[in-house]
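Me: Please take a close look at one single part of this model and set it in the context of the whole chain. I would like one connected account, with the numbers attached to each contact.

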Amino acid sequence: YAARNPSSPVPAVRANDVVFTVHAVALSTLGWSMFARRIWGFEQGSSAGERVGPMIWAVAVGCVTAVVALTIFVATRSSGAGGDDWAWLDVVYAVSYIKLLVTVIKYIPQVRTNYERKSTVGWSIEQIVLDLVGAVFSVAQLIIDSLLQGDWSGVTGNPVKFGLGNVTVVFDVIFVLQRYVFYPGPSVEAGRKAEVVEDGERSRLLGGREDER
């Protein structure tokens, strides 16, 4: 990294970045384990909606294949001199770009679901607000570090962190708009179900009165 960024040889990575990574891995593992419902004692219902789609499998296999191929290439071509030559840093960059791609992909289904339902009922907005605050501070930290160093290579040398922060901000703003602007109330379907229930109750009440007569 220092050979490629001589004006700013120290990467703009802090302890909070490492803590965030450990925290994300722990919570993601916890969330993934909940699909094994027997472990948590959840009801054993249909698992049709829990299957990984073919597109996601294709992306996952493609990413793993790309990293393995790049690792083999770097292992056979790297001279260890750094600079413009191939180095293990390129493998790290490849993994980080995959992280950026996965981040973009993971937000899209929820955006689409909210749009199709025309509602955000039953979906927690609190985590999105916290995610938005964290993304804003992450980008701000990167910019402040670069300003203190007097060199913007702290941003250009760590483009994925900068990209992750901005991508997260964009999607979180979309979620906030969906929750509070576009679909602030119940969905049309929920409204129709409420009307059906109300009509049924009204019919039973009227029927009861007719029987009394």
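Reply: A polar contact here is a pair of N or O atoms within 3.5 Å, where, within protein, one atom must be able to donate a hydrogen and the other to accept it. The model is a predicted one, and the part I have chosen is the loop between helix H4 (88–117) and helix H5 (126–149), where lysine 118 lies.

Some context for the whole chain comes before the detail. The chain has eight helices and zero strands, so that from the N terminus on its elements read α-α-α-α-α-α-α-α. Of its 213 residues, 24% are buried, and about 14700 Å² of the chain is exposed, with carbon and sulfur atoms supplying 67% of that area. If one takes the contacts between residues at least 6 apart in sequence, 66% of them join residues at least 24 apart.

Within the loop, serine 119 is placed between H4 and H5, and its side chain reaches the backbone nitrogen of valine 121 at 3.0 Å, a distance that falls within the 3.5 Å limit for a polar contact. Serine 119 has a relative accessible area of 0% and therefore counts as buried. Lysine 118, by contrast, is partly exposed, with a relative accessible area of 36%.

The backbone of lysine 118 also deserves a careful look. Most residues other than glycine have a negative phi. Lysine 118 is not a glycine, and yet its phi is positive, at about 55°. As for the side chain, the charged end of lysine 118 sits over the ring of tyrosine 115, 3.9 Å from the ring centre.

From the loop it is natural to turn to helix H4, which holds both partners of a salt bridge: glutamate 116 and arginine 112 lie there four residues apart, about one turn of the helix. Their side chains meet at 2.9 Å, N to O, and the structure holds one salt bridge. Arginine 112 counts as exposed, because its relative accessibility is 56% and the cut-off for that class is over 50%.

On the side of helix H5, glutamine 127 is found in the helix itself and, at 49% relative accessibility, counts as partly exposed. The C-alpha atoms of glutamine 127 and aspartate 172 are separated by 9.7 Å, although these residues are 45 apart along the chain.

A further set of links leads to helix H7, where arginine 179 has its place. Leaving aside neighbours within four places in sequence, arginine 179 is in contact with Thr120, Ile125 and Pro184. Arginine 179 and tryptophan 123 are 56 residues apart in sequence, yet their C-alpha atoms are 9.3 Å apart in space. The charged end of arginine 179 sits over the ring of tyrosine 180, 5.0 Å from its centre, while arginine 179 as a residue is partly exposed at 25% relative accessibility.

Tryptophan 123 brings in the aromatic residues, since ring pairs link Tyr107, Trp123, Phe171 and Phe175 into a cluster. The structure holds five aromatic pairs. In one of these, phenylalanine 73 and tryptophan 86 have ring centres 5.0 Å apart and planes at 85°, so the pair is edge-to-face. That pair links distant parts of the chain, with phenylalanine 73 in helix H3 (residues 54–77) and tryptophan 86, 13 residues away, in the loop between H3 and H4. Both residues are partly exposed, phenylalanine 73 at 29% relative accessibility and tryptophan 86 at 36%.

Tyrosine 107 and phenylalanine 175 also form an aromatic pair, in this case a tilted one with 5.9 Å centre to centre and 55° between the planes. The residues are 68 apart in sequence, tyrosine 107 in helix H4 and phenylalanine 175 in helix H7 (residues 159–182), and their pair joins distant parts of the chain. Tyrosine 107 is buried at 7% relative accessibility, as is phenylalanine 175 at 2%; both values fall in the buried class because the cut-off is under 20%.

Taken together, the loop between H4 and H5 holds the buried serine 119 and the partly exposed lysine 118. Helix H7 places arginine 179 in contact with residues including Thr120 and Ile125, and the tilted ring pair links helix H7 with helix H4.

Terms used: Residues numbered from 1 in each chain as written. Predicted model: local features only at pLDDT ≥ 70, side-chain atom pairs only at ≥ 80, totals over all residues. Heavy atoms only, no water. Helix = DSSP H or I, 4+ residues; strand = E, 2+ residues; numbered from the N terminus. Buried < 20%, exposed > 50% of the residue type's maximum accessible area, 1.4 Å probe, protein only. Contact = heavy atoms within 4.5 Å. Areas by Shrake-Rupley, 256 points an atom, 1.4 Å probe, with all protein chains shown as cover. Phe/Tyr/Trp six-rings, centres within 6.5 Å; stacked < 30°, edge-to-face > 60°. Lys NZ or Arg CZ within 6 Å of the ring centre and 35° of its normal. Salt bridge = Lys/Arg side-chain N within 4 Å of Asp/Glu carboxyl O.
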